[in-house]
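Student: I'd like a close look at a single part of this protein, with enough of the surroundings to put it in context. Could you pick one helix and walk me through it?

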Amino acid sequence: MVCIHIMISRPEWSDRRTLEARTRGAALWRKDPIVMGALQITSLPDGRDRELADLWDVCGLVVSYNPPLDDIAFARASADAEILVGLVGDRIVASVLVGHDGHRGWLYYVAVAPDVQGSGYGAAIVAAAEEWLRERGVRKVQLMVRPTNERVLSFYEHLGFERSPVTVMQRWLD
Ligand SMILES: CC(C)(COP(=O)(O)OP(=O)(O)OC[C@H]1O[C@@H](n2cnc3c(N)ncnc32)[C@H](O)[C@@H]1OP(=O)(O)O)[C@@H](O)C(=O)NCCC(=O)NCCS
């Protein structure tokens with residue numbers, strides 16, 4: 001599989017939604033959700049794993065080799081990862097799985113429910129993930145885009161990400 005890395009270069013903080021996310025204090029994730037308009041960003045609440053997996057499915061992010069409920073459980077068990085969700089009312093409409101490997105930060109499962117895409121929620125959840133990483137001293141954020149989803153590249157470029165001239169090598173560990 002060929003993967004395209006994207007890394008952030010110089011984030012633009014001119015957007016009000018992004019600025020709100022950035023200026024919040026540290027370690028709010030589990031106590032006080034970040035509020036951006038109708039959107040509240042918080043850690044994935046207990047008991048909502050299936051709803052989140054369904055969001056990923058409807059957004060086209062589920063593949064057979066990555067069972068989503070396993071990915072959620074693995075992230076929940078990690079001290080270096082967090083699943084952030086955006087709630088409108090009590091509905092999960094946005095998500096990101098953010099974590100770091102001791103060096104770089106990584107984003108997975110960036111998703112916004114199709115019926116509310118284009119509302120700024122994608123930019124907001126990415127900004128929240130970046131803030132989560134910044135609070136932990138991580139200086140660069142990266143993500144991978146499947147070759148079947150290249151149209152999303154312009155979304156990330158809009159947020160200040162740039163293409164990285166590297167090739168990702170991989171091997172399954174059985
Ligand atoms: C990609 C995705 C998360 C974007 O979420 P969204 O809520 O629709 O995006 P936003 O409304 O926050 O858009 C943020 C900015 O990016 C721009 N943008 C969004 N999609 C874009 C696109 N395809 N091309 C160019 N710009 C785009 C918006 O115009 C907006 O710009 P603005 O701040 O000047 O208004 C959403 O479309 C999605 O869930 N897609 C399916 C899942 C997916 O592919 N995830 C990525 C996996 S790598």
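Tutor: Happy to. The overall inventory is 5 helices and 8 strands, and along the sequence they run β-α-β-β-α-α-β-β-β-α-β-α-β. Keep in mind that this is a predicted model. Its average pLDDT is 86, and 82% of the residues score at least 70. The weak stretch is residues 1-28, where pLDDT is below 50; even so, that stretch has 59 contacts in the model beyond near neighbours in sequence. Where pLDDT is low, the predicted coordinates shouldn't be read in detail.

Let's go for helix 4, residues 121-135. First, its length. At 1.5 Å a residue, its 15 residues should span 21 Å, and the C-alpha atoms at its ends are 21 Å apart, so the two agree. After the helix comes Gly-137, with a positive phi near 80°.

Now, how covered is it? In the protein as a whole, 29% of the 174 residues count as buried. In helix 4, 12 of the 15 residues are buried, so "mostly covered" is a fair description, given that buried means 20 or more other C-beta atoms within 10 Å. The buried set starts with Tyr-121 and Gly-122, then runs through Ala-124, Ile-125, Val-126, Ala-127, Ala-128, Ala-129, Glu-130, Glu-131, Trp-132 and Leu-133. Notice that two glutamates, Glu-130 and Glu-131, are in that list. Arg-134, also in helix 4, counts as partly exposed because it has 15 C-beta neighbours inside 10 Å. Arg-134 also pairs up across the sequence: Gly-105 is 29 residues away along the chain, yet their C-alpha atoms are 9.1 Å apart.

What is the helix packed into? The largest nonpolar core has 34 residues, and those touching the most other members are Leu-84, Val-96, Leu-107, Ile-125, Ala-128 and Ala-129. Ile-125, Ala-128 and Ala-129 are buried residues of helix 4. The elements giving two or more residues to this core are helix 2 (49-58) and helix 4, plus strand 2 (34-36), strand 3 (39-43), strand 4 (81-88), strand 5 (91-100), strand 6 (105-112) and strand 7 (141-145). Helix 4 gives the most, with 9 residues.

Strand 6 deserves a glance too. Tyr-109 lies in this strand and has a positive phi, near 50°, despite not being a glycine. Tyr-109 counts as buried because it has 23 C-beta neighbours inside 10 Å. Over in strand 2 sits Val-35, which is partly exposed because 13 other C-beta atoms lie within 10 Å. Val-35 and Leu-87 are 52 residues apart in sequence, with their C-alpha atoms 9.4 Å apart. For the whole protein, among contacts between residues at least 6 apart in sequence, 63% join residues at least 24 apart.

Last, the ligand. It is surrounded by 21 residues, of which the closest are Val-112, Gln-117, Gly-122, Ala-123 and Ser-154. Strand 6, helix 4 and helix 5 (153-158) are the elements that give two or more residues to this shell. By class, the shell has 10 nonpolar, 9 polar and 2 charged residues. Put together, helix 4 gives the most to the largest nonpolar core and also contributes two or more residues to the ligand's shell.

Terms used: Residues numbered from 1 in each chain as written. Predicted model: local features only at pLDDT ≥ 70, side-chain atom pairs only at ≥ 80, totals over all residues. Core = buried A, V, L, I, M, F, W, Y, C linked by C-beta atoms within 7 Å. Buried ≥ 20, exposed ≤ 12 C-beta atoms within 10 Å, placed from the backbone. Helix = DSSP H or I, 4+ residues; strand = E, 2+ residues; numbered from the N terminus. pLDDT = per-residue confidence, 0-100. Contact = placed C-beta atoms within 7 Å. Near = placed C-beta within 6 Å. Nonpolar A, V, L, I, M, F, W, Y, C, P; charged D, E, K, R; others polar. Expected span 1.5 Å × (residues − 1).
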